[in-house]
Amino acid sequence: MVSINFSLEMLISLLKNAFILYCSSVIVLPILSVFQEARIWKPHLLPSLSPLGILKVFIFNVIWMSFTLLGSLLLLPKYLLGKFLGFDCQYEAYLVERYTGYLCCHCFICPRVEIRGTEHLPPDDGPAPAPVFVANHASQIDLAVVYFLGRKFKWISKDSVRYLPGVGLIMTMSQHVFIVRSGKNKKSVSNLYQQSDNAIQSGMPMFFFPQGTRRMAGRLPFKDGAYKVAMENESQIIPVSINIPLTCWNSWYPMCLLWGGSVDNVVLTVHEPLQAKKDMDKEELKKKSYDAIFSEIPLIGEEIKEFKKRK
């Protein structure tokens, strides 16, 4: 009896310590996010992150992880209960992601996200097959600002994100699609297409960054995944341009609002949908969406000239 009690106490102690470690990692892991974001802004054509910019990236990630952690813990009882009773908390998890994105953007990036081309947005909860959103991927900021579109969707994310505190748990609850990007991952790729097809046929849009990785300087070619999914399901492809101002991290926003300073807003441009068909030329479809997306993204050289003029 004493041995059983001792083992139970040890188990409780281990679980408690593991939980504390998991929660406290929201302060440690954002340091890695700072290094990742700093690499994106390292090319000589871009303004490197200043000490203020580094601090903003760090706090941005702390808040992102902390609020998604809090939201996922609040939803955890419903999530676990739903495993036995046949319901989920997908919509509630989406709301946690959405309002966390709003908070992070308004606190650190800009007071307003401009949405252009709203007439091209499909209705929320529209009929199947649902559309496929495709957008350029420049920064961590993208993950927050796309929620201003006001549409539900599922992400495609690398599997390692699953283990981030808060973020991984809330994305699991939202039933986003995780893939293994390294090595020969035929099973993971097959899972990507199967889950994407299931989501689209159930009326849930998919959101792809077809570049496959973040890049501020340089325009990477688009990968095939989003287009294979759209063509297989004969979905509409909705190209979205995400224009991140070069001043976003290094500006004194939100403090500058106290003395009437100006702030460059993030601009999302929703382009006219492209109807995908199974017998279409995939490369032509990729080119049309690529040209549409980057038609609203200034060339870096031009952006640098504008940046220097403002200074």
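Here is a conversation between a visitor and a guide about helices, loops and backbone geometry in this structure.

Visitor: What kind of model is this, and how are its residues numbered?

Guide: This is a predicted model, in which local features need pLDDT of at least 70 and side-chain atom pairs count only at pLDDT 80 or more, while totals for chains, interfaces and linings use all residues. Residues are numbered from 1 along each chain as its sequence is written, and side-chain values use heavy atoms, with hydrogens and water left out.

Visitor: Why is helix α8 called largely enclosed?

Guide: Let's start with the terms: helices (H or I, at least four residues) and strands (E, at least two) are DSSP runs, numbered from the N terminus. Buried means under 20% relative accessible area, exposed over 50%, and partly exposed in between (1.4 Å probe, protein chains only). In α8, residues 225-233, seven of the nine residues are buried, so the rest of the structure largely encloses this helix. Those seven are G225, A226, Y227, V229, A230, M231 and N233.

Visitor: What comes after α8, and what is the sign of its phi?

Guide: That is E234, with a positive phi near 50°.

Visitor: How do you know that the length of α9 agrees with what is expected?

Guide: The expected span of a helix is 1.5 Å times one less than its number of residues. With 13 residues (282-294), α9 should span 18 Å, and because its end C-alpha atoms are 18 Å apart, the two values agree. Helix α4, residues 90-108, can be treated likewise: its 19 residues reach 27 Å from first C-alpha to last, close to the expected 27 Å.

Visitor: What do the buried residues of these two helices pack against?

Guide: Contact here means heavy atoms within 4.5 Å. The buried residues of α9 are L285, K286, S289, A292, I293 and F294, and they pack against β2 (132-135), α8, β6 (236-243) and β8 (274-275). In α4 the buried residues include Y94, R98, Y102 and F108; the partners of the buried set are α3 (51-85), β1 (113-116), α5 (141-145), β3 (154-158) and α6 (167-173).

Visitor: What makes D281 a cap for α9?

Guide: A polar contact is a pair of N or O atoms within 3.5 Å; within protein, one must be able to donate a hydrogen and the other to accept it, and residues adjacent in sequence count only if both atoms are side-chain atoms. A side-chain oxygen of D281 lies 3.0 Å from the backbone nitrogen of E283, at the N-terminal end of α9.

Visitor: Which values describe the crossing of α8 and α9?

Guide: Their axes come within 10 Å and cross at roughly 115°. Axes are lines fitted to C-alpha atoms, for helices over the stretch in contact, and angles run from 0 to 180 degrees between N-to-C directions. Y227, K228 and M231 in α8 meet K282, L285, K286 and S289 in α9.

Visitor: Why is N136 called buried?

Guide: N136 has 4% relative accessibility, so it counts as buried. This residue lies in the loop between β2 and α5. Leaving aside neighbours within four places in sequence, N136 is in contact with residues including D142, F209, V240 and F294. A polar atom of the N136 side chain lies 2.8 Å from the backbone nitrogen of I242.

Visitor: Is Q140 buried or exposed?

Guide: At a relative accessible area of 6%, Q140 is buried. The residue sits in the loop between β2 and α5, and, not counting residues up to four places away in sequence, touches S33, E37, V57, F60, N61 and R214.

Visitor: What makes D125 and Q175 stand out in backbone geometry?

Guide: Most residues other than glycine have a negative phi, and most peptide bonds are trans. Phi of D125 is positive, near 55°, and phi of Q175 is positive too, near 65°. D125 is in the loop between β1 and β2 and is exposed, because its relative accessible area is 61%. Q175, in the loop between α6 and β4 (177-179), is partly exposed at 30%.

Visitor: Which peptide bonds are cis, and what are their omega values?

Guide: One joins A128 and P129, with omega about 0°; P129 is in the loop between β1 and β2. Another runs from Y253 to P254, with omega near 5°, and P254 is in the loop between β6 and β7 (266-270).
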